[in-house]
Amino acid sequence: MTDVSRTSRDTQAGWPRWLSLLWIVLPLAVLGLAVAWMVSSDPLASFRNGAPPVENLTFERTIIGNDGIRILVRAGGSEPMTIAQVQVDDAYWQFTQDPPGPIARGATAWISLPYPWVLGEAHAVNVVTSTGTTFGHDIAVAVPTPTRNSPSFAAQAVLGGFVGILPVAIGLMFYPALRGVGRNGMDFLLSMTVGLLAFLFVDTLEDAFELAGEAAALFQGPTMIVLAATASFLLLMAAGRRGGTPTGLALATFIALGIGLHNLGEGLAIGAAFVSGAAGLGTFLVLGFTLHNITEGIGIAAPILKERPPLRTFAMLTLLAGGPAVVGLWIGSLAYAPQWSALALAIGAGAILQVIVEMVSLQLRQRADGSRALLAPAAMAGLAAGIGFMYLTAMLVKI
Amino acid sequence: MRETKSLLEQKLDRRLLLAGGLAAGGTAVMATAARGQTGHAGHGTPAAADPQPAHLSAHGAMITVGEVEDSRNGFDPVKLLGDWETGTVSTLPGGRTLRSFEVTAEDKEIEIAPGILFPAWTYNGRVPGPSLRATEGDRLKIVFRNNGSHPHSMHFHGIHAARMDGVPGAGLIGPGEEFVYEFDARPFGCHLYHCHALPLKRHIQKGMYGAFIIDPDPARHPEHEAVARSRLLGTPENAGWQEFVMVMNAFDTNFDNENEVYAVNTVAHAYAKKPIRVLKDKPVRIYLVNVVEFDPINSFHLHANFFDYYNQGTTLTPTLRTVDLITQCQAERGILEFHFKEHEPGLYMFHPHQSEFTELGWSGMFDVVEAVS
């Protein structure tokens with residue numbers, strides 16, 4: 001190895017340094033030349049068949065307030081596009097655009113409409129561009145969008161606590177009872193955790209893809225999700241295994257992190273449902289979420305049954321797993337653009353996958369009989385119980 | 001990594017000089033090609049703080065934003081109101097009047113609402129086409145040239161031979177061709193012409209229509225001579241009227257068979273933003289034509305006033321008296337007569353009573369004044 005590198009260094013020494021620099025300049029120069037040729041001689045002229053430029057417009061945020069409706073749009077056309085007029089409910093309405101003028105591909109602009117919207121009713125916004133193309137956006141149920149300092153923020157924190165923090169805390173309270181379980185009980189609990197994580201993984205990915213579908217095409221939603229999930233999975237795997245495979249408290253912390261990121265997504269969804277008026281959140285729905293998430297606490301407790309962590313560790317784990325639900329609710333209710341929520345969910349999916357892998361490898365290592373441990377009746381029952389419980393309780397909360 | 005790099009260097013070194021040349025050439029071409037991209041002239045955003053004049057505050061915020069560039073369109077909606085095309089008049093051997101028109105079909109992009117450009121098909125470069133006006137009994141000769149990209153025709157609502165009907169096989173001509181329609185001007189009334197090429201819906205809604213007014217010949221209507229004279233363009237009696245032609249039209253800008261923009265005389269909100277100046281003492285006559293596609297019915301409602309209505313204009317006595325709303329189906333038309341003699345000066349709105357059409361651009365106002373200042 002050393003010899004080879006010396007040889008190559010010797011060879012290189014024969015060439016002046018600027019020559020190697022030239023090898024960076026050359027490809028760039030070819031690119032520049034291609035661009036210049038494209039621009040100057042217009043070889044695509046024969047493709048120009050009189051068709052108007054492709055136009056695309058994505059509605060990213062809708063803010064409904066006392067001063068009317070404000071909408072953030074992102075252009076995705078082949079050329080900068082101009083918003084000529086805006087209809088609301090089939091009526092041309094005065095609007096201001098910020099920043100004014102044509103919107104470049106990928107750029108955004110706020111459209112402000114002083115429209116007297118009606119609480120609890122549907123409205124349709126229709127943007128007409130200079131070519132006469134229209135882009136419609138439905139406001140399913142008009143309710144005022146919460147602002148950063150509105151009193152509803154505190155209420156949302158309480159709700160987030162019910163949905164995220166409380167169930168994890170309840171689950172962790174089973175800890176003393178679970179400490180006494182035997183080998184089969186342990187198999188059951190670990191597999192149950194894997195099962196519930198598997199459910200969360202699928203659920204998170206599905207939500208991410210759904211949100212990505214609403215985002216502008218130029219973000220390439222599905223690709224972005226797969227890449228972000230893979231990156232977060234690999235990063236967490238690498239980070240987790242720096243000091244050997246994570247076990248015990250370290251593994252519990254990773255589970256809490258993965259679940260936390262999932263709960264962030266859950267919070268985003270609830271917040272977004274709030275803001276779009278799609279959900280008049282009932283008590284039943286909130287209790288459904290609480291029930292749904294109790295197993296998450298048990299899952300976090302499973303790897304640390306053989307340890308005796310101090311009480312404050314439990315508090316930290318609870319906050320790590322449940323706290324993001326509160327943050328998600330806040331962010332979701334501010335109606336942020338779907339691609340950012342999709343990105344957060346994709347990172348969460350990667351994190352959940354990482355803990356699934358680590359849980360399974362823990363089970364494999366704990367038992368001498370290796371992979372057969374995963375197929376033991378107790379383990380299979382645990383897996384079924386985990387997935388089944390999550391699926392059935394999810395019925396309470398899916399709208 | 002390092003090894004790979006040096007291997008590459010070894011293999012490709014001989015092409016280095018060539019690369020240098022390419023790079024230099026590239027920069028030169030770049031410099032010459034730095035032409036600015038064609039600017040998309042933004043119509044700008046409204047100045048929110050401007051105090052609104054009375055005629056605008058009447059519509060609140062429910063109005064299109066910005067102004068249409070009339071010079072670019074080549075026609076001004078305000079001027080269209082009274083812009084009659086009376087043709088070239090000569091006398092035939094028998095003493096009859098021969099009235100000749102020249103009409104050319106051409107493709108033209110027009111601005112139908114501020115910032116919204118529509119790829120129209122036009123007669124004489126305007127939408128609606130020229131408001132042809134003749135007198136009952138005239139011999140009409142319309143020289144029609146098709147400079148457009150599709151076959152077109154002029155199908156007149158009137159009495160004529162099958163050969164002159166402007167349907168496929170009878171006066172429908174291809175691009176670059178010419179046809180002469182010849183027939184007598186009858187019956188008197190408020191009529192229209194439009195292209196009868198197929199598909200009909202598309203040809204009409206792209207802008208191929210116009211008003212075709214035949215004034216009654218007073219000599220033929222001794223029992224209503226005074227009325228006939230007041231309708232006949234050029235008489236002193238007619239000069240005592242304020243006459244406007246209004247073609248109610250609409251545009252399907254995204255071609256989904258629903259209209260995005262409604263108007264009278266093409267430009268959305270044109271007469272809402274620039275109310276039509278009307279003298280209080282002079283009676284008003286409107287030649288109203290409906291050519292809206294896709295929606296079966298259009299209507300006209302006058303605020304704070306009532307009018308007499310002559311359906312299709314083929315009678316000299318009103319077919320409806322004292323109404324403030326009439327409906328017209330597609331291609332239906334008629335004459336409205338009213339005055340503001342007992343009204344106080346001010347802004348009097350008119351619009352169809354299909355609120356949807358009003359809110360999508362078809363609304364206007366009469367600015368009733370004591371005298372022209």
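# A tour of chains A and B

Visitor: Happy to be here! How many bridges join strand 4 of chain A to strand 5 of chain A?
Guide: Welcome! Strand 4 of chain A and strand 5 (residues 108-113) of chain A run antiparallel, and the model they belong to is a predicted one. Asp98(A) stands opposite Trp110(A) in strand 5 of chain A. The number of bridges that join strand 4 to strand 5 of chain A is three.

Visitor: Which strands stand at the edges of the open sheet in the order 1-2-5-4 of chain A?
Guide: Four strands form this sheet of chain A, and the pairing is antiparallel. An edge strand here has a single partner strand, so one side of it is left without a neighbour in the sheet. The strands that fit this are strand 1 and strand 4 (96-98) of chain A.

Visitor: By what angle are neighbouring strands of that sheet turned against each other on average?
Guide: The sheet in question is the open one of chain A with the order 1-2-5-4. Direction is ignored for this angle. On average, neighbouring strands are turned by 20°.

Visitor: Chain A has a second open sheet, in the order 3-6-7; which are its edge strands?
Guide: Three strands make up this sheet of chain A, with antiparallel pairing. The twist from one strand to the next averages 15°. Each edge strand pairs on one side only, and these are strand 3 (83-88) and strand 7 (134-139) of chain A.

Visitor: Which residue in strand 7 of chain A does Val125(A) stand opposite?
Guide: Strand 6 (residues 123-129) of chain A runs antiparallel to strand 7 of chain A. Six bridges join the two strands. Opposite Val125(A), in strand 7 of chain A, is His137(A).

Visitor: Let's step back a little. How far apart do the C-alpha centres of domain 1 and domain 2 of chain A lie?
Guide: Chain A is divided into domain 1, residues 57-139, and domain 2, residues 152-397. Eight residues from domain 1 and eight residues from domain 2 of chain A take part in the contact. The distance between the C-alpha centres of these domains is 37 Å.

Visitor: Which element gives the largest share of the side of domain 1 of chain A that touches domain 2 of chain A?
Guide: By class, that side of domain 1 of chain A has one nonpolar, four polar and three charged residues. The largest share comes to five residues. They come from strand 1 (residues 57-65) of chain A.

Visitor: Is chain A compact or spread out, judged by its radius of gyration?
Guide: The secondary structure of chain A comes to 12 helices and seven strands. For 399 residues the globule rule gives 21 Å, whereas the radius of gyration of chain A is 27 Å, well over that value. The C-alpha atoms fill a box of roughly 80 × 75 × 35 Å along the principal axes. Because its radius exceeds the rule, chain A is more than a compact globule would be: spread out.

Visitor: Now for chain B. What share of its 373 residues counts as buried?
Guide: Chain B has 10 helices and 21 strands. Among its contacts between residues at least 6 apart in sequence, 68% join residues at least 24 apart. The buried share of chain B is 43%.

Visitor: Which residue does a cis peptide bond join to Pro128(B)?
Guide: Pro128(B) lies in the loop between strand 4 (116-123) and strand 5 (131-135) of chain B. The omega of its cis bond is about -5°. The partner in this bond is Val127(B).

Visitor: And which residue does a cis peptide bond join to Pro199(B)?
Guide: The loop that holds Pro199(B) runs between strand 9 (189-194) and helix 6 (200-205) of chain B. For this bond, omega is about -5°. The residue joined to Pro199(B) is Leu198(B).

Visitor: Is His269(B) buried or exposed?
Guide: His269(B) is in the loop between strand 12 (261-264) and helix 9 (270-273) of chain B. Although not a glycine, His269(B) has a positive phi of about 60°. A residue with 20 or more other C-beta atoms within 10 Å is buried. His269(B) has 28 C-beta neighbours inside 10 Å, so His269(B) counts as buried.

Visitor: One last stop: how many other C-beta atoms lie within 10 Å of Ala304(B)?
Guide: Ala304(B) sits in the loop between strand 15 (297-302) and strand 16 (307-311) of chain B. Its phi is near 60°, a positive value in a residue other than glycine. Ala304(B) is partly exposed, because the number of other C-beta atoms within 10 Å is 14.

Conventions:
Residues numbered from 1 in each chain as written. Chains lettered and ligands numbered in written order. Predicted model: local features only at pLDDT ≥ 70, side-chain atom pairs only at ≥ 80, totals over all residues. Buried ≥ 20, exposed ≤ 12 C-beta atoms within 10 Å, placed from the backbone. Pairing = 2+ DSSP bridges. Axes fitted to C-alpha atoms, helices over the stretch in contact; angles between N-to-C directions. Domains from an automatic or database assignment. Contact = placed C-beta atoms within 7 Å. Nonpolar A, V, L, I, M, F, W, Y, C, P; charged D, E, K, R; others polar. Rg over C-alpha atoms; globule rule 2.2 N^0.38 Å.
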